Each structure stands twice: as structure tokens, then as C-alpha cells.
Amino acid sequence: MAINWFKYSSPATFYPLAGRLAVWFGIASVLLLVVGLYMSFFVAPTDYKQGEGYRIIYIHVPAAWMSMFIYFVMACWAAAGIIWRTRLSSMMALALAPTGAMFTFIALWTGSLWGKPMWGTWWVWDARIVSELILLFLFIGFMALNSAIDDARRAARASGVLAIVGIINLPIIYYSVQWWNTLHQGATIKFSTQGVQSEMSEIMLYSMLVMTFACWFYTIAVVMTRVRRIILEREGNSTWVKEMLQEER
Amino acid sequence: MFGALKTVILRDLTLAMRHRSDVLTTLFFFIIVVSLFPLGVGPEPEQLRAMAAGVVWVAALLATMLSLGRLFSDDYADGTLEQLVLAPQPLSLIVLGKVIAHWMVAGLPLVIMAPLLGLQFGLSGDALIALMISLLLGTPALSLIGAIGAGLTLGVRGGGVLVSILVLPLYIPVLIFGAGAVESVSAGMGAEGHFALMGAILIMALLLAPWGAAAALRISVE
Amino acid sequence: MAEWFAMNGHGLYIWGSFGMAAIFMIAEPILVRNSHRTLRARMSRMIRMNAGSE
């Protein structure tokens, strides 16, 4: 079974495929969200230490995972776009960034709402929180650079270089922040998710996984739609776009 | 090959010496930012001593970042950069030369000035030496990493503000270890570990940043 | 029901978290979809206009 993947690397063939993918992943994501939310709120038991408030992790952890995963995928697409000069790769990187930034923000927001009842404070300068904040800055920088350059090809390649520099830096930033945090252990607030994870019951883990997959499929659906718009924007003058739009009339 | 490096450094230094006020502006910016903090926070010596390293380092970050605009923009405006991109010498080497010259003009004065500012904040002698060494190791890394951002935003509208969004998050490790070194000396512990880590960051930046900045310049000039 | 929504005193935090996530995750697809459709409609209108003038 040799599928010719390169066939789909041209925007003309990818555009209709992306439309179908968006629909299917959108439906799958809604179904998974319903199941995941039901599991998170009605099946998963109340945590005996943290009460009902712990249920925030069912959105917080998937959002945090997705934010990091999306940055990684975005950097890979950006690198592919620079190495092979494929137009579609850069468009994918550009389409991923806003959703990545959104999940980063949700992770920060929900983390803050978790912190208030659990630790009694909205914000802690904890290593993980600070790293997540920096990740948000990196996403914003990527999008800002992209929108500041008018020439689409130059914008794609410049922001691609930035994404690669960011992904090389990310581990260094993460470890330096973690190390900084251990140095400044002023307020002794222990991260209790660690405890939750080790003694987490299977049902909690499953609900979290279902929610993560729901977020993942959601991302695919949204990104596919966004990449369709970017393709139309960039390829507006090509013949295939004109023929396609003429046919549908 | 090193001839080319030397030529680029000497050329950029000569150009910088013709616009001496630019150099001084960066330095005065650094001094003013540091001097503003006691006015904002209050004159308690204990508090000032505790925050001295962080304040000086953040000011150094901002001063370096502001001076990044000059790194390539003049050459870009008069077309020299296109010639440099087409030159037979590797572009990353030329970029390295320009970054070294930039550091000598923008970074080195900060290193020399920092102990004086540290004195104003009541730092001890050991801490002042640690501050100088940390800046000596850190500011070249700042110039190197910043060169990538400067290359990417070349000729882009709103480039000055944009470069800060791109570059400042990448400066965070240098800031953490730099300020940490001074703090750990103040607390009576050695700072060898910090200096080793900063040295590692500097070496990594030396190996990777000229290459990244050269790629950025090629994209911008093309 | 009201008791369930109160979540043992943690209702504000839980619904604040899930509510904000819901707002974003509902708004984003709608916005993206609309902007794609608008662009597509505008482009096919342009093509029709050009075809008519020829």
C-alpha cells in the first residue's frame, strides 16, 4: 500500500482533502468532548483530598499538553517549509499558531483558577507556570512576526526560522526556569498534581485522555479550516482556485 | 578566513566611532533605567542590595535589545548587506564579525559600568566581581541571540518593538543565571556553577547564532 | 441541581475554567469558519464579475 503522500503536498489537492478532514475531525471531537465531559463530571469520583475543585485538571492538563505539542508540531512544519520549500508546510505552521496560543492561554487561565482554591493564590512563580507563560510569548512572537511582514513567502520563512530557534531554546528555558524556581523556594507550595497523578485512579486517567484526544481532534478540525482560508488567500490568482470557484456556481 | 573576520570587526568599529553618540546613548539608557529603580522602590539599603543583580541584569537586557536595531539596519539601508550576502566569505563568519563589533560597542561598556551601579546599590566587593564576570559572559550571548531577531525584523514595519517580543523570551536563561550568580555570591556560596552554565550558553550561542542570523539575513535581503 | 452546580464551594473556579475554555473553543471554530466562507464568497463574486465584463 504505497500512498503517494506528495500528491497531497500541493495546495490544490490538499484544499478539498482538508475540507473533508475538518468535518470528520470536528464531529469526532464533539463526540469525544461529550463523552469526556460526562466522564469528568459524573463518572470520575471526587478527590478525597482536594474535593470537587480538582475537576479543573480535566481541561487544564489537556490544554497544557496540547499547547506544548502544538508548538512542537508547528516548529516541525516550519522546519519542513524551510528545508523543502513546500508552500503547504509553512501554511500549516501559520495555521497552528493561533490555536496553540489559545490552548496556552486556557492552560494558564485554568491553572490560575486551580491555584486559588488549592493554594489560596491566583498566581505562583512556579517553574511550570512560568514556562507556560513564556510559551505564550513565543506563540505571540511567531504570529507577530508573521503579520508584520507583507510578503507571504518572506513571512513564512522568517517566522519559520523563529520557530526553530524557539524549539531549540525551549528546553534551555524550561530547565533554567526550573532551576531558578528551586533556588527561590520561598513560598513552599507543593505541586499537588504530582500526588494526584501517582495515586490517580484509572477512571481519572481515562477521562483526561479522552479530553486530550477531544482537544487534539478539535485542533485538527480548526487548523484544517484555517489552512483552507490561508490557501485561498495565497493562491487566489492560480487557475485551480478560479476553476473550483467557477464550478461551484 | 580570519582576515575577513578582522576586516569586518575593524570596519564596524570605525563606523561606530564616527557615531560616538549612539554608543553613549545605549550606556546612558542603561544607567538611567538602573537609577530609576531606587526612586520607584524606595531607598532601604537591604531591599536595594537584594534586588541589585536583577535590576542591573534586566537593564542590561533592555539596553542590548535597544541597540540591536543598529546591528544591520545601516548596512541594509545603503545596500552593503546585499554585497556581504553575495561575498565569497561565509555569511555566518561576517555576521560573527559584526556581532563581535556590536558587543564591543554596546555590551562591553555595560560590563565596565556595572560595578559602579552595583556600588550604588550597596553590593559587596565579591558580588561586584561576580556581577562583572556574569555580564562579561552573558552580554556576548545576548548580542549573538539578538542578531537572529535583528536579522529577521530587518526592514519590517514596527521592527523595533517586534524585536523585543521575539528576543526577550529567548534572553530568559541568560538573565536567570546571570542574576543568580550574583545572588549566590552575596549569599556566601560560590558562583562557579553559574559561570559554567553561562559559558555553556555562550558557546552554544557562538556555534548556532551566527548561522541562524545568516539564514535570517538571507531571507530578509532576498 | 443547584447543589451540583455549586460543586461543594468550588463552583466559581470550576465553571470559570470550563466556561472560559468553552467560550474560546466555541468562538474559534465559528470565527475561522466564517472568515473562510467570507473570503471564498468574495473571491467567487470577483470571478463572476470578471467573467461578466469579458
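**Group meeting: a three-chain predicted model**

Let's start with how chain A is wired. Take its contacts between residues at least 6 apart in sequence: 79% of them join residues at least 24 apart. Keep in mind that this is a predicted model.

What does the secondary structure of chain A consist of? Eight helices and zero strands. Read from the N terminus, the order of elements is α-α-α-α-α-α-α-α. Chain A has 249 residues, and 53% of them count as buried.

Now confidence. The model scores ipTM 0.86 and pTM 0.88. Chain A has an average pLDDT of 84, with 88% of the residues scoring at least 70. There is a weak stretch. Over residues 186-191 of chain A, pLDDT stays under 50. For that stretch the model has seven contacts beyond four places in sequence.

Let me walk through some residues in chain A. L33(A) sits in helix 1, residues 11-43. Is L33(A) buried or exposed? Neither. Its relative accessible area is 23%, and buried would need under 20%, so L33(A) is partly exposed. Leaving aside residues up to four places away in sequence, L33(A) touches M211(A) and A214(A). Compare that with R87(A). L33(A) and R87(A) are 54 residues apart along the chain, and their C-alpha atoms are separated by 33 Å.

Next, R85(A). Where is R85(A) found? In the loop between helix 2 (57-84) and helix 3 (87-119) of chain A. Its phi is near 55°. That is a positive value in a residue other than glycine. R85(A) has a relative accessible area of 53%. The cut-off for exposed is over 50%, so R85(A) counts as exposed.

Cysteines next. How many disulfides does a search of the whole structure find? Zero, over all chains. Two cysteines in chain A are worth a look. C76(A) is partly exposed, at 39% relative accessible area. C215(A) is buried, at 1%. With buried set at under 20%, C76(A) is above the cut-off, so it does not count as buried.

On to chain B, and helix 6. This helix covers residues 91-120, which is 30 residues. At 1.5 Å a residue, helix 6 of chain B should span 44 Å. The end C-alpha atoms are 43 Å apart, which agrees. Where is the kink in helix 6 of chain B centred? On M104(B), and the kink is about 40°. Helix 6 of chain B is also mostly covered, with 21 of its 30 residues buried. Just after the helix comes G122(B), with a positive phi of about 75°.

Here is a general reminder for anyone reading along a helix. An α-helix has 3.6 residues a turn, so residues three or four places apart point the same way.

Staying in chain B, look at T64(B). It lies in helix 3, residues 45-67. T64(B) has a relative accessibility of 2%, and the limit for buried is under 20%, so T64(B) counts as buried. What does T64(B) touch, not counting residues up to four places away in sequence? The partners are H102(B), L110(B), L142(B), S143(B) and Y171(B).

Now chain C. It has two helices and zero strands. Its radius of gyration is 22 Å, well over the 10 Å that the globule rule gives for 54 residues, so chain C is more spread out than a compact globule. Along its principal axes, the C-alpha trace spans about 70 × 15 × 10 Å. Buried residues make up 33% of the 54 residues in chain C. Confidence in chain C: the mean pLDDT is 84, and 91% of its residues reach 70 or more.

One residue to find in chain C is W4(C). It lies in helix 1, residues 2-6. Its relative accessible area is 27%, so W4(C) is partly exposed, not under the 20% that buried requires. Beyond residues up to four places away in sequence, W4(C) touches F41(A), F42(A) and W15(C). Two of those names, F41(A) and F42(A), carry the chain A letter.

That brings us to how the chains meet. Which chains have the most contacts between them, among the two pairs that touch? Chains A and C. Chain B and chain C do not touch. Their nearest C-alpha atoms are 24 Å apart.

Technical notes
Residues are numbered from 1 along each chain as its sequence is written. Chains are lettered from A and ligands numbered from 1 in the order in which they are written. This is a predicted model: local features need pLDDT of at least 70, side-chain atom pairs count only at pLDDT 80 or more; totals for chains, interfaces and linings use all residues. Side-chain values use heavy atoms; hydrogens and water are left out. A disulfide is a pair of cysteine sulfur atoms within 2.5 Å. Buried means under 20% relative accessible area, exposed over 50%, partly exposed in between (1.4 Å probe, protein chains only). Contact means heavy atoms within 4.5 Å. pLDDT is the predictor's confidence in each residue, from 0 to 100. Helices (H or I, at least four residues) and strands (E, at least two) are DSSP runs, numbered from the N terminus. The expected span of a helix is 1.5 Å times one less than its number of residues. The bend at a residue is the angle between axes fitted to the seven residues ending there and the seven starting there. The radius of gyration is taken over C-alpha atoms; the globule rule is 2.2 Å times the number of residues to the power 0.38.
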